[in-house]
Amino acid sequence: MDCREVHSRILSQTKLALCAKLNAVFMSNNFAKLAEEVIARCRKLASFSEDAGGTRRTFLSAPMRDCHHEVSSWMKNLDMRVSVDAVGNLRGFYSATSPGAPRILVGSHLDTVPNAGAFDGILGVVLAVALVESLRGLKLPFGIEVVGFSEEEGVRFGVPFIGSRALVGRVDEELLGRKDANGISVRKAIQDFGLNPGEIFKAALSDDVLGYIEFHIEQGPVLESLGRPLGVVEAIVGQNRLEFTFSGQANHAGTTPMNLRRDALAAAAEWIVAVEHLAKQTPGLVATVGFVEAKPGATNVIAGEARATLDIRHASDRARTDVLDELIRQAESIAARRGVTVKWRTLLAQNAVAMDPLLTEQIEHAIQKTGCEPHRMASGAGHDAMILAETIPAAMIFLRTPGGISHDPAESVHLDDVAKALECGHHLLTQLAASQEFLGRTCRA
């Protein structure tokens, strides 16, 4: 018997022993009780807010410090090493069976939109901590780093994913110079939080990272319509955000005949209807005009200028781009026919991102082990996983969202679904701990 065969047998025996311990831990866990704790913790974090009457917690605002303190206390009780990196991401590390072992990242974001619910983003962080708790001190062949990203929503500075961008080295001077409504830059916000922008490079992923896993509410009605508690995210759709400005001629509403008008708002309105019409004709595509502003904005004045935003998403980059090109063409045609001009600028251009096939398959198996039928789906919303997927293998698990309601105080989860998510996560850790294919991966996908 050569040394390679001996090593293989020893490795197999080690895996069997570890799996036996994990199964014993699994049998002793009460996932329903742990799920109750997860929901209670999410609701407590919702109380840390910039607004007295609801939940709003933006990038490195004062309530984020309270949030960090609360989550850190849970992590420290599990003997995790806790730190905050230079862009404000909260990071807790649970060590492996041996020093120098690789690690996986599990997490989501801790910031919120205005008037938010208690679970978007935050549930993924709290679930990650609960998964570590479910191990009951048992160590795995990889460490677990729980990450609570400081910013994903893009509320304060108009640009999303500041937290996860830091991990892939995409926080540049332009981003640091962006200012909020009060004239405070990203750089200044970081300094005011007691952090050093000059050390952001230290937040970058280390070479020992095997992959990233994110639990998140679906934020839509698909899983509920199918009666499925959990979903497997295969891809995150690509999206473009643009701003269109129609320019005509402001004039008196009572003295300007209809056939002599250059009404910018009427041109924008016709184009908005065209956006809806084309989106309905394109399977899998969604397009939204979420903001319209007319100037001068007076009741008795024809609008000389109208601004409108466009948000367009599809899992196929080509399908999305083709529709976008057509909508730009229609905007130009409508403007020309109405005697106005139109200009546009791109606010965001994000290609679709596929999730890692191995992790996706492992998640599907883990969901099946909970007794649930998994559903493969695309995410219509952007997530931190899409940023990390640029550098490392990444995957997502969706939880059913009652009523499909998100970004609203009515946002909720089912207790049983959270318990199933915890059970799924425990199975997933067991599978990955026994997977030579996974453990043999290098950091960079």
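Mentor: In this predicted model, a residue is called exposed when its relative accessible area is over 50%, buried when that area is under 20%, and partly exposed in between.

Trainee: What makes Arg-337 count as exposed?

Mentor: Its relative accessibility is 55%; the cut-off for exposed is over 50%, so Arg-337 belongs to that class.

Trainee: Why is the contact of Arg-337 with Glu-270 called a salt bridge?

Mentor: The closest N and O atoms are 2.5 Å apart. The definition asks for a Lys or Arg side-chain nitrogen within 4 Å of a carboxyl oxygen of Asp or Glu, so the pair qualifies. Arg-337 lies in helix 10 and Glu-270 in helix 9, so the bridge ties together parts that are 67 residues apart in sequence.

Trainee: Which class does Glu-270 fall into, and why?

Mentor: Glu-270 has 25% relative accessibility; this value lies between the 20% and 50% limits, so Glu-270 is partly exposed.

Trainee: How do you know that Glu-390 and Arg-170 form a salt bridge?

Mentor: Their side chains meet at 2.7 Å, N to O, and the limit is 4 Å, so the criterion is met. Glu-390 lies in the loop between helix 12 and strand 16, and Arg-170 in the loop between helix 5 and helix 6, so parts 220 residues apart in sequence are tied together.

Trainee: Why are Glu-390 and Arg-170 called partly exposed?

Mentor: The relative accessible area is 42% for Glu-390 and 30% for Arg-170. Partly exposed covers the range between buried and exposed, so both values fit.

How values were computed: Residues numbered from 1 in each chain as written. Predicted model: local features only at pLDDT ≥ 70, side-chain atom pairs only at ≥ 80, totals over all residues. Heavy atoms only, no water. Helix = DSSP H or I, 4+ residues; strand = E, 2+ residues; numbered from the N terminus. Buried < 20%, exposed > 50% of the residue type's maximum accessible area, 1.4 Å probe, protein only.
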